[in-house]
Structure formats: C-alpha cells, structure tokens
Amino acid sequence: MDMRIALFPGDGIGPEIIDAAKRVLDRVAAIYGHSFVYENFLIGGASIDAVGAAISDETLKNAKKCDSILLGAVGGPKWDDPNATVRPEQGLLRLRKEMGVFANLRPVKTYPRLYAKSPIKDELLRGVDILVIRELTGGIYFGKKRQGVDDDGVEWATDELSYSETEISRILEFAFRSAQDRRGLVTSVDKANVLNSSRLWRKTAAAVAERYPDVRLEHMLVDTASMRLISNPCDIDVLVTENMFGDILTDEASVLAGSMGMLASASVGTGSLGIYEPIHGSAPDIAGKGIANPIGTILSAALMLRCAFGLTGEAEKIEAAVEETIAAGELPLDLGGSAGTRALTDQILNRI
Ligand code: NAD
Ligand code: IPM
Ligand code: MN
C-alpha cells in the first residue's frame, strides 16, 4: 500500500535536510518493501516568492490528501522586514492550526559520544530522557494581535495569551498518558505567579491529575524550569507547557543533546495527519553550504514512521543507525566533526 508523504522543504537549509531524510526513507522502503510516495509543497519564504502567501489554500487542500507531513524549516533574512504584512512563519503556524496538531512532542536524549560537545557536565547528561510536550495551536502565538499609535504619536502593539480549559485539559491528558508509558512524572510548567492563563493552566492540570493516580504531577514556574532543565535534567520525565514556553525551553534543551541540529519533533492532534519536523530553524548562516546537520530531520522521519504508519521496527532501525553513526565518531560540523550533510547521511544509510 502506498504511503503518501507531503514534503515541505521550506527555506534555508530546509531543502538540504529534507533531501537527507528522503534518502533515509527511500533506503527503508527498499529494505522493508514499502512504497513511500512523495509530494512536494511550498511553504514559508519559498511560497511567498512563488505565490505571495506563506502557504496557499491549494497547498493546504492537497497536503490534506496525503497521509503525513515532513517539514524542513521556514524563514530567513530576505523576508524579515518588520513592516512586511506577510511572513514565512505564518505559513507554518497556519499549517499547524489547520491540521489541528495541538501536541508537539519533542524528545530530548543525550549520546555518550556527545557529552563533551555540551557545555553541561558529563555527570548531569548521563541518562537524560525527557519528553517535552509543547502546546502548539493556542496561546500567545494565536491570540489577538493589535497595534496602533496612541494620542501622543507613540506606537504600541499587543499579543494576547489566551487558553481555554478545553485546550489545556487535552494537552495535559496527552502528557499524563505519555507519562504512564514512561517514568510516571509530569512536570507542568507555567508562570502562575503572574499570568491569569497560567493559573487556569495549573488548576486544570490538577483536575486532570485526579484521573491519573498512577502519575505524579509537579508544577514548576517557567523561570525555575529553565534553570532545572540544565542543572537537574535527569529529574525531568514529561515536561508539558504552553506554546511559547515550550518553544524556548526546547532550544535550551538541545544544548543537553549537543546541538540544535539533533532534536526531532512530532506534532499530532485532532486530525489524522501529523507534522514531523526538526525543532531548529532554517539556519540561514549555513544554508546552501551542504554542512547542515540532518539528524533532527532524519529522527523526525523516524518518528513519522512510528507515529503515522505504525512502523516501529523501521523507526528503531533509523534511530539505531543514527546512534551507531554518532558512537563511531562520524559527526557533523555543528558537533565539531567534519562530515557534511551528504556524507553524514551516507554513514547513516550504510548502517540501516
Ligand atoms: P536557527 O535554528 O535557524 O539557527 C540557530 C543556530 O543554530 C544557527 O547558528 C544555525 O546555523 C544553527 N543550526 C540550526 N539548525 C542547524 C542544523 N541542522 N545544522 C547545523 N546548525 C544548525 O534559528 P535562527 O537563526 O534564530 O532563525 C533563522 C530563521 O529560522 C528565522 O527566520 C526563524 O523564524 C526561522 N525558524 C524556523 C523554524 C521552523 O521552521 N520550525 C524554527 C526556528 C526558527
Ligand atoms: C519552531 C519555530 C517556530 C515556532 C517559528 C518559526 C514559528 O521556532 O518550530 O520551534 O516558534 O513555533
Ligand atoms: Mn523554535
């Protein structure tokens, strides 16, 4: 049976890392006898340049006919004018919203070979295994945006951070179910000492917790969490939080893994279509040089095989090949190695 995969390379290093992940998928297909059918779509700056919108209605309609979405990254200096009415990032936000993917899963693990690449001490990195669950379709990213000029001619702008009880409880439910299959601890991160929306978050988390007596819930303020994440990372199992806190905390968490290029993500939710993408951006500073680290995207493809298609063995095969490649010291430039995108992908392909 054909499995239809929508590819959204996007901007910057996007096309390079999507090409790497596609080569890995092709190898898996050849070995296991699967048929992956790809369809390419425009998003971000590439779409703005082509059709004037960061994602078109036509693209959304056609992508919805696929079985899964693999995405590179969007954005870049070319489209960064603060006065622009259309921005590459809007395409990504619209895609996430339209697909209803409210739960963004960002696993964080460490690799012994990479301990020395992290500024964090080895003994803190040993055994790190965190699942960050970032709420992805609500909060400040999607609240009302207003701007204007006051009577004195001073410009002002606001972004509203709003959550409903329904939005909070469904992401917390997700976190508790995930923790049941892991170490049984949910760390719910908020700013309840200041934000109204966080107080609702905390109250709702406590209510959901009553349905999961086998899971322990701890509340943590986001400022404290940003410190604990790097001072006591092994104490965290499932970390669940609102959209923007999750965005920021996972870039920080990537330092545990060694670099931004390492972290993968799976976004799932109300619909049948998930979005799989690395957590990093389009890295305009290294785009087109063939040196981007493809591991975050390759691991996202593995998550796609597991979560979208139930191909657990195939996903594990890719993850093991990545692990072996790292253990053998074949490393990309962002981890102090010398392997370019293609060469590193070849190393991973050889081990699949
Ligand atoms: P970035 O994540 O693109 O890059 C931050 C730093 O990490 C850069 O030095 C970059 O070279 C490095 N880096 C990131 N991914 C790498 C990889 N795979 N291999 C090697 N090095 C890598 O963040 P930024 O520079 O702040 O943002 C650049 C653009 O990307 C912006 O337009 C931003 O909006 C966009 N962005 C998009 C996404 C996304 O599409 N999901 C995520 C984050 C940022
Ligand atoms: C990410 C990115 C995006 C986000 C941007 C590009 C909209 O930083 O996927 O982490 O903030 O969600
Ligand atoms: Mn981000």
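How much area is buried between domain 1 and domain 2? About 1300 Å², and carbon and sulfur atoms give 70% of that. Keep in mind that this is a predicted model. Here's a quick tour of the two domains and the place where they touch.

**The two domains**
- The domain assignment splits the chain into domain 1, made of residues 1–104 + 263–352, and domain 2, made of residues 119–257.
- So domain 1 is written as two stretches of the chain, while domain 2 is written as one.
- Going by C-alpha atoms, the centres of domain 1 and domain 2 sit 24 Å apart.

**Who takes part in the contact**
- Domain 1 brings 13 residues to the contact, and domain 2 brings 16 residues.
- On the domain 1 side, Lys-97, Phe-102 and Asn-104 lose the most area to domain 2.
- Together, those three account for 46% of what the domain 1 side buries.

**What holds hands across the interface**
- Looking for salt bridges between domain 1 and domain 2? The count is zero.
- Polar contacts do turn up: three residue pairs across the interface, with both residues at pLDDT 80 or more.

**A closer look at the domain 1 side**
- Helix H4 (88–99), strand E4 (103–109) and strand E11 (266–268) are the elements that each give two or more residues to the side touching domain 2.
- H4 supplies the largest share of that side, with three residues.
- Sorted by class, the domain 1 side has seven nonpolar, four polar and two charged residues.

Methods: Residues numbered from 1 in each chain as written. Chains lettered and ligands numbered in written order. Predicted model: local features only at pLDDT ≥ 70, side-chain atom pairs only at ≥ 80, totals over all residues. Heavy atoms only, no water. Contact = heavy atoms within 4.5 Å. Buried area = accessible area lost by both parts, 1.4 Å probe. Salt bridge = Lys/Arg side-chain N within 4 Å of Asp/Glu carboxyl O. Polar contact = N/O pair within 3.5 Å; in protein donor to acceptor, adjacent residues only side chain to side chain. Helix = DSSP H or I, 4+ residues; strand = E, 2+ residues; numbered from the N terminus. Nonpolar A, V, L, I, M, F, W, Y, C, P; charged D, E, K, R; others polar.
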